[in-house]
Amino acid sequence: MERGIAPFHTDRKGYHITLDRIPAWVCAQCGEVYFDEPEVEAIQEVLCTLDQRTEKLVKSA
């Protein structure tokens with residue numbers, strides 16, 4: 001495993017989220033990505049905020 005950066009993609013509640021440059025551990029052989037706890041918590045915070053901010057949009061659709 002080497003320290004590097006990796007993208008994070010997810011589909012949620014009708015929208016697609018891409019975070020392009022998240023610090024991560026990346027396997028030099030297979031490319032598997034692991035995020036440390038602080039990065040996971042930051043990603044979860046972003047998703048939670050987006051869920052709250054887009055709640056009215058999702059309900060009105």
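This is a short tutorial chat about the ring pair and the salt bridges in a predicted model.

Student: Let's start with the rings. How many aromatic pairs does the structure hold?

Tutor: One. To read a pair, look at the distance between ring centres and then at the angle between the planes; over 60 degrees counts as edge-to-face. Here the partners are Phe8 and Phe35, with centres 6.3 Å apart and planes at 75°, so the pair is edge-to-face.

Student: Where do Phe8 and Phe35 sit in the chain?

Tutor: Phe8 is in strand S1, which covers residues 2-12. Phe35 is in the loop between strand S3 (33-34) and helix H1 (37-60). They are 27 residues apart, and the pair links distant parts of the chain.

Student: Is Phe8 buried or exposed?

Tutor: For that, check the relative accessible area: under 20% means buried. Phe8 comes in at 19%, so it counts as buried. Phe35 has 24%, so it is partly exposed.

Student: On to charges. How many salt bridges are there?

Tutor: Three, using a cut-off of 4 Å between a side-chain nitrogen and a carboxyl oxygen. Begin with Arg3 and Asp36, whose closest N and O atoms are 3.4 Å apart. Arg3 belongs to strand S1 and Asp36 to the loop between S3 and H1, so this bridge ties together parts 33 residues apart in sequence. Both ends are partly exposed: Arg3 has a relative accessible area of 42%, and Asp36 has 29%.

Student: Which other side chain meets Arg3 in a salt bridge?

Tutor: Glu39, at 3.8 Å from N to O. Glu39 lies in helix H1 and Arg3 in strand S1, so parts 36 residues apart in sequence are tied together. Glu39 itself is buried, with a relative accessible area of 16%.

Student: And what does Asp51 form a salt bridge with?

Tutor: Arg12, and there the closest N and O atoms are 2.4 Å apart. Asp51 is in helix H1 while Arg12 is in strand S1, so the bridge joins parts 39 residues apart in sequence. Asp51 is buried at 14% relative accessible area, whereas Arg12 is partly exposed at 26%.

Student: Which residues end up in one network?

Tutor: Look for bridges that share partners. Arg3, Asp36 and Glu39 are joined that way into one network.

Technical notes:
Residues numbered from 1 in each chain as written. Predicted model: local features only at pLDDT ≥ 70, side-chain atom pairs only at ≥ 80, totals over all residues. Heavy atoms only, no water. Phe/Tyr/Trp six-rings, centres within 6.5 Å; stacked < 30°, edge-to-face > 60°. Helix = DSSP H or I, 4+ residues; strand = E, 2+ residues; numbered from the N terminus. Buried < 20%, exposed > 50% of the residue type's maximum accessible area, 1.4 Å probe, protein only.
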